[in-house]
Amino acid sequence: MGAGNGMTVDYRVLPPDVAERMARIKSRDVVLRVENLGKVFAQRGRETVALEDINMNVHRREFVCVVGPSGCGKSTLVRILAGLEQASSGRILVDDKPVDGPGPDRGMVFQKYTLFPWRTVCQNVMFGLEMAGISKDESRRQAMQWLQAIGLERFADSLPHQLSGGMQQRVAIARALAAQPRVLLMDEPFSALDAQTRVRMQTHLMEIWRKIDITIVFITHDLDEAIYLADRILVLKAHPGRMEEVIEVPLSRPRRAEQMTSAEFQATKAHLESLIHTPAEETADEFEGTEVPLLTLVTDVVE
């Protein structure tokens, strides 16, 4: 149903091709399984529950985005999935094997650029391969293949500071993928980029994902980005971080920019906003009685 016929689109109703694709995804093996996950931070005798009873299954070659309000534990969740932090309860399994720390079965791309500044682009991509015991020559050969895949082979001998932000994140993605992990974890990787570069990176990431046997868990605060990229969106609520809803995105693939104006896209976004954004009355209560003092001499009226 389109927006122009006066009928409301239900984001939960999948078009036939999308429903068929979701059925295929669910028939695949579960690569990443999260069971009853919890995280409690203790500081100065006080405990803060960051995550509580998180359960999810991510299937092979699925693209899952995780969204939620500030303080819902999105970044904490992805760090636990990566093995960079320990859960307080529950467990994580990759290919039915428990996760108890970082491992080559999971690659990680961070929000901030994390390339080694003293290593060239090629040497950065080689790093994980060398750590896995692969010879220097073979590491370089494989690294060059990945740089060719992301269109940066001519920058192989450049240093990170000589690249733009978008190019640095492409190298970070190549470095994470070079070790051929089962799952690629991405913690708001495009949030520091300008709007145009961000859109190009989203398109580039989907192109890489289409051509590589990889499963992606992508953390973002951008609802447009989540809908545009994901097969499913996991919505967390805050204080503590709990699973609120899992949304199957009602958009066909391959994704196209014009889909962002479709009734299905807008209906999904409206529902996400209703789940995540603070209602106006709560915002009013939060700032009730707060008055900004006069900080400079004001001699005219702006409204």
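Helices (H or I, at least four residues) and strands (E, at least two) are DSSP runs, numbered from the N terminus. The structure is a predicted model, in which local features need pLDDT of at least 70 and side-chain atom pairs count only at pLDDT 80 or more, while totals for chains, interfaces and linings use all residues. Residues are numbered from 1 along each chain as its sequence is written, and side-chain values use heavy atoms, with hydrogens and water left out.

**Exercise 1.** Locate Arg-61 and state what is unusual in its backbone.

*Solution.* Step 1: Arg-61 belongs to the loop between strand 2 (46–59) and strand 3. Step 2: its phi is positive, about 65°, although Arg-61 is not a glycine.

**Exercise 2.** Determine how helix 5 and helix 6 are oriented to each other.

*Solution.* Step 1: the axes of helix 5 (residues 165–178) and helix 6 (residues 195–211) are 10 Å apart and make an angle of about 20°. Axes are lines fitted to C-alpha atoms, for helices over the stretch in contact, and angles run from 0 to 180 degrees between N-to-C directions. Step 2: angles under 35 degrees count as roughly parallel, over 145 as roughly antiparallel, 65 to 115 as roughly perpendicular and the rest as oblique. Step 3: helix 5 and helix 6 are therefore roughly parallel.

**Exercise 3.** Apply the procedure to helix 3 and helix 4, and list the residues in contact.

*Solution.* Step 1: helix 3 (residues 121–131) packs against helix 4 (residues 136–149) at about 120°, with the axes 8 Å apart. Step 2: the two helices are therefore oblique to each other. Step 3: helix 3 contributes Val-121, Cys-122, Val-125, Met-126, Leu-129 and Glu-130 to the contact (heavy atoms within 4.5 Å). Helix 4 contributes Lys-136, Ser-139, Arg-140, Gln-142, Ala-143, Met-144, Trp-146 and Leu-147.

**Exercise 4.** Describe the aromatic pair of Phe-63 and Phe-218, and explain what the pair ties together.

*Solution.* Step 1: rings of Phe, Tyr and Trp (its six-membered ring) pair if their centres lie within 6.5 Å; planes under 30 degrees apart count as stacked, over 60 as edge-to-face and the rest as tilted. Step 2: the structure holds five such pairs. Step 3: Phe-63 and Phe-218 are 6.0 Å centre to centre, with 40° between the planes, a tilted pair. Step 4: Phe-63 lies in strand 3 (residues 63–67) and Phe-218 in strand 8 (residues 215–219), so the pair ties together parts 155 residues apart in sequence.

**Exercise 5.** Find where Pro-240 lies and which bond joins His-239 to Pro-240.

*Solution.* Step 1: Pro-240 lies in the loop between strand 9 (232–237) and strand 10 (242–248). Step 2: the bond from His-239 to Pro-240 is a cis peptide bond, with omega about -5°.
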